[in-house]
Amino acid sequence: MTNATISLAPLRGVTGLRFRQAFQAHMSGLDLAVAPFIATVQGDRVKPEILRGIEPSVQPKGLPLIPQVIGKDARQLRVMLRAMKELGYTQVDLNSGCPWPFVAKKGRGAGLLRDEANLAAMLEAGCEELGEGNFSIKVRLGIEEKTLLAKRLPILLRYPLREICVHPRTAKQMYEGTVDLDAFERICEACTLPLTYNGDIRTLEDYQMLSARFPTVSRWMIGRGIVANPFLAESIRAGKDTRDMARFQAWHADILARYAENAPGDHALLGHLKELWSYLAPTFKQGDQLWNSLKITRTRDEFERVLRLVPLQWR
Ligand SMILES: Cc1cc2nc3c(=O)[nH]c(=O)nc-3n(C[C@H](O)[C@H](O)[C@H](O)COP(=O)(O)O)c2cc1C
């Protein structure tokens, strides 16, 4: 059993509204979710369709949602935060981790760590708009070097942030290589704000290893691990594997129906399903065979036929 806080990581294109709705209808174990990023806009008005994925009336009950913003302009950040406040959100997260070069090179995402003055201006704007303890930041260890976050930490610690969430990789690493736990430990020792650990928690054993190594950390964020195994948060709470094939099938049928309802056709639906199964497939013994067959399907019927033909067994 654990009393830790477990949050769902934002994965743009994966942990959006439909994923969260299906998760909450069939699974449990998550305390909150951070929504995939929404980019700041020019001008003083945010079009409602930009905020569709975080529209409060359709969010699943029991899974508080924290929207996330990506941008580099403090004035534009304020415009977006006001639009989110108008929807009723009191807490918002700032993306300072997106590793894609075309984002980071322009000073957004992980690139925010480069310019000290602008980083401070963004934090200042966020804390002023939302008030103490309501603005947070999700960061990596650095862009090229894993020491940049440690250098910027004194700036972050000047602001009354809700938390700092650290994914201990550099942007250069993207999602490759290993997380640097020694570097996370150094941040952990120096951080006086609430700290969340995020990265490569794929199994109950991963969580047990990390929580033993970092006993002062009580906030854990999980992304790909939950997409690959939607029972993971629940298993962490129970301290044992809670996977159940009948519940998995019910969850899968539900998420497929939700995607289908909102996709304009098979092509769009298959885009969602293939993205989902690129994470799910390795969870099963037949994963390689299954994924090779699924990724070449062209219609919903074909996709469902492949799933019916391959009897699923957990790895
Ligand atoms: C497809 C994909 C989309 C992502 N989108 C976002 C995003 O919108 N905002 C964000 O802060 N991080 C984003 N991330 C990073 C994740 O939130 C998380 O930090 C990363 O996957 C490591 O955690 P994990 O190993 O538990 O998945 C994304 C990652 C992936 C793979």
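**Exercise 1. The ligand shell**

Which of the 22 residues around the ligand come nearest? Describe also the shell to which they belong.

*Solution.* Keep in mind that this is a predicted model. Begin with the residues that come nearest to the ligand, which are Ala9, Pro10, Pro36, Gly223 and Arg224. Next, turn to the elements that give two or more residues to the shell around the ligand, and you will find β2 (32-39) and α8 (224-228). Finally, sort the shell by class, which yields nine nonpolar, nine polar and four charged residues.

**Exercise 2. Two domains**

Work out how the chain is divided into domains, and describe how these domains touch.

*Solution.* The domain assignment gives domain 1, covering 5-238, and domain 2, covering 263-309. The centres of domain 1 and domain 2, taken over C-alpha atoms, are separated by 29 Å. To describe the contact, note that six residues of domain 1 are in contact with six residues of domain 2. On the side of domain 1 that touches domain 2, the classes are three nonpolar, two polar and one charged.

**Exercise 3. The largest nonpolar core**

Which residues of the largest nonpolar core touch the most other members, and what does Ile222 touch?

*Solution.* The core holds 77 residues, and those that touch the most other members are Val69, Met80, Val92 and Ile222. Each of domain 1 (5-238) and domain 2 (263-309) supplies at least three residues to this core. Taking Ile222 as the example, and leaving aside residues up to four places away in sequence, its contacts are Ile6, Leu8, Ala9, Ile201, Leu232 and Ala233. One of these contacts, Ala9, has already appeared among the residues that come nearest to the ligand. As background, nonpolar side chains in soluble globular proteins tend to be buried together.

**Exercise 4. Two positive phi values**

Locate Met174 and Asp200 in the chain, and decide for each whether the residue is buried, partly exposed or exposed.

*Solution.* Start with Met174, which is found in the loop between β6 (164-170) and α6 (181-190). Its phi is near 55°, a positive value in a residue other than glycine. Because a residue with 12 or fewer C-beta neighbours within 10 Å is exposed, Met174, with 11 such neighbours, counts as exposed.

Continue with Asp200, which lies in the loop between β7 (195-198) and α7 (204-213). Here phi is near 60°, again a positive value in a residue other than glycine. Asp200 has 19 C-beta neighbours inside 10 Å and therefore counts as partly exposed, since a buried residue needs 20 or more.

Technical notes. Residues numbered from 1 in each chain as written. Predicted model: local features only at pLDDT ≥ 70, side-chain atom pairs only at ≥ 80, totals over all residues. Near = placed C-beta within 6 Å. Helix = DSSP H or I, 4+ residues; strand = E, 2+ residues; numbered from the N terminus. Nonpolar A, V, L, I, M, F, W, Y, C, P; charged D, E, K, R; others polar. Core = buried A, V, L, I, M, F, W, Y, C linked by C-beta atoms within 7 Å. Domains from an automatic or database assignment. Contact = placed C-beta atoms within 7 Å.
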